[in-house]
Structure formats: structure tokens, C-alpha cells
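The exercises below are meant to be worked through with the sequence and the model open side by side. Each task is followed by a solution that goes step by step.

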Amino acid sequence: MGRFSKIILAIFLIFLAGCSIDNDEDIFQRYVEATQILKNDLKDPTSMRIYGDILVVDIKDTKGIMLSIIYDSKNSYGAYPGKSQANILLSPDEDPSYVGEGSEHFVDLRYLYEKQEEFRNMVDTGKYEITEEMKESLNSVTFEIISGEQMAKELGVEYYKN
């Protein structure tokens, strides 16, 4: 190996050493920490229950990720008033925050997921043709499902399939 090649290799190795590579466990832990903020704000955090899995929404060209979670917890009367949905925003520059379905800023991410899947299916089966620009736009939003059961276990709360 020539001297120039060794220098390039050394620079490349130094660059790699400076890169942080998140593994799935680290990413999941960030999701748990963000969901803990929602839990801590509940009237009775120990009574939180998670229903079903959690939807993770990643929009390309943004730095944030959103989690959609269905949960409930006891109110000040000690009763469970019913399921609620919240979107938790994770941004590298700010602390996690959330918006509940009663807020004017709430967007039903699960509905968007269902509609995007239906649309993708129509495109994939040839029922609908789209332009390259539309394909790019469609692919700019990705959805992932993570285990609500695992999240509940990490938070020390109950889990219900639905």
C-alpha cells in the first residue's frame, strides 16, 4: 500500500471513529425516554396503560421523528376515562414534547398511515399511476411499527393488545 493510500485510509478511519452509529436498542431507549415524559405528566402515572403497538413516523428532510401512542390512565376520580392518542415529537435539538388528540395541533398519524398504505397498495397493483415526483413525495414519509408491549414493559405499565 502506497503512502497516499495509507493517508487516505487513516483519514477514513479517523472519520469513522468520530461517527456515532445508533443501534436499534439506543433508538428504542430514546423512544422510551420520550414516552416517559408523557407518562410523568399524567394525573396518575403508575396507572398508565398502553394499547397496541406504537407507530413511528419519519419525514425525510426533517430532523424530527414522531411517535403515535394509544394509552389511558386514571383521572383524579380514580377511574379510567377511556383511550387517548398522543403524538410524541423527538427532535435532536429540543426536549421531546407531545400533543394529545384534544389539541388543535393534533394530527391523526394512524389515519395517515392507513391511507398511505391503501394508496401504496393501489399504486403497487397498478390501479393507480403516479409521477416520479409523486413517488418521491410518497417515499418521503416512512412508517415503522414498534412493540407497544415492549414499551409498556420498559415503562413499568400495563399493556393491552387493543
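The chain contains five helices and six strands, and the model in which they appear is a predicted one. Read from the N terminus, these elements follow the order α-α-β-β-β-β-α-α-β-α-β. Of the 162 residues in the chain, 28% count as buried.

**Exercise 1. The nonpolar core**

Task: Find which residues of the largest nonpolar core touch the most other members, and state which element gives the largest share of this core.

Solution. Step 1: The largest nonpolar core has 22 residues, and those that touch the most other members are Tyr31, Met48, Ile50, Ile69 and Met151. Step 2: Two or more residues of this core come from each of H2, strand E1 (49-59), strand E2 (65-72), strand E3 (84-91) and H5. Step 3: The largest share belongs to H2, which supplies five residues.

**Exercise 2. A salt bridge between two strands**

Task: The structure holds three salt bridges; begin with Asp72 and Arg49, and decide whether each of these two residues is buried or exposed.

Solution. Step 1: The side chains of Asp72 and Arg49 form a salt bridge with an N to O distance of 2.9 Å. Step 2: Because Asp72 belongs to strand E2 and Arg49 to strand E1, this pair ties together parts that lie 23 residues apart in sequence. Step 3: A residue counts as buried when its relative accessible area is under 20%. Asp72, at 3% relative accessibility, is therefore buried, and Arg49, with a relative accessible area of 14%, is buried as well. Step 4: Lys39, a residue of helix H2, can be placed relative to this pair, since its C-alpha atom is separated by 9.8 Å from that of Asp72, 33 residues apart along the chain. Lys39 is also buried, with a relative accessible area of 10%.

**Exercise 3. Salt bridges within helices**

Task: For the bridge of Glu118 with Lys115 and the bridge of Lys135 with Glu132, work out in which helix each pair lies and how many residues apart the partners are.

Solution. Step 1: In the bridge between Glu118 and Lys115, the closest N and O atoms are 3.3 Å apart. Step 2: Both residues are in helix H3 (residues 109-124), and because they are three residues apart, about one helical turn separates them. Step 3: Glu118 counts as partly exposed at 44% relative accessibility, and Lys115 counts as partly exposed at 35%. Step 4: In the bridge between Lys135 and Glu132, the closest N and O atoms are 3.5 Å apart. Step 5: This pair lies in helix H4 (residues 132-138), where the partners are three residues apart, about one turn of the helix. Step 6: Lys135 is partly exposed, with a relative accessible area of 34%, whereas Glu132 counts as exposed at 57% relative accessibility.

**Exercise 4. Two surface patches**

Task: List the residues that form the negative surface patch, and say which helix gives the most to the negative patch; then do the listing again for a nonpolar surface patch of about 270 Å².

Solution. Step 1: The negative patch is made of Asp24, Glu25, Asp26, Asp58, Glu144 and Glu154. Step 2: Helix H2 (residues 24-40) gives the most to this patch, with three residues. Step 3: Glu154 is a residue of helix H5 (residues 148-155). A residue needs over 30% relative accessible area to enter a patch, and Glu154, at 38% relative accessibility, counts as partly exposed. Step 4: The nonpolar patch of about 270 Å² consists of Val107, Tyr111 and Leu112. Among them, Leu112 lies in helix H3 and counts as partly exposed at 41% relative accessibility.

**Exercise 5. A loop residue**

Task: Examine the backbone of Asp61, and determine what its phi is and where in the chain Asp61 lies.

Solution. Step 1: Asp61 has a positive phi of about 70°, although it is not a glycine. Step 2: Its place is in the loop between E1 and E2. These are also the two strands to which Arg49 and Asp72 of the second exercise belong. Step 3: With a relative accessible area of 83%, Asp61 is exposed.

Methods
Residues numbered from 1 in each chain as written. Predicted model: local features only at pLDDT ≥ 70, side-chain atom pairs only at ≥ 80, totals over all residues. Heavy atoms only, no water. Patch = residues over 30% accessible without salt bridge, like charges linked within 9 Å, V, L, I, M, F, W, Y side chains within 5 Å. Areas by Shrake-Rupley, 256 points an atom, 1.4 Å probe, with all protein chains shown as cover. Salt bridge = Lys/Arg side-chain N within 4 Å of Asp/Glu carboxyl O. Lys, Arg positive; Asp, Glu negative; His and termini not counted. Charge placed at Lys NZ, Arg CZ, Asp CG, Glu CD. Helix = DSSP H or I, 4+ residues; strand = E, 2+ residues; numbered from the N terminus. Buried < 20%, exposed > 50% of the residue type's maximum accessible area, 1.4 Å probe, protein only. Core = buried A, V, L, I, M, F, W, Y, C linked by side-chain atoms within 4.5 Å.
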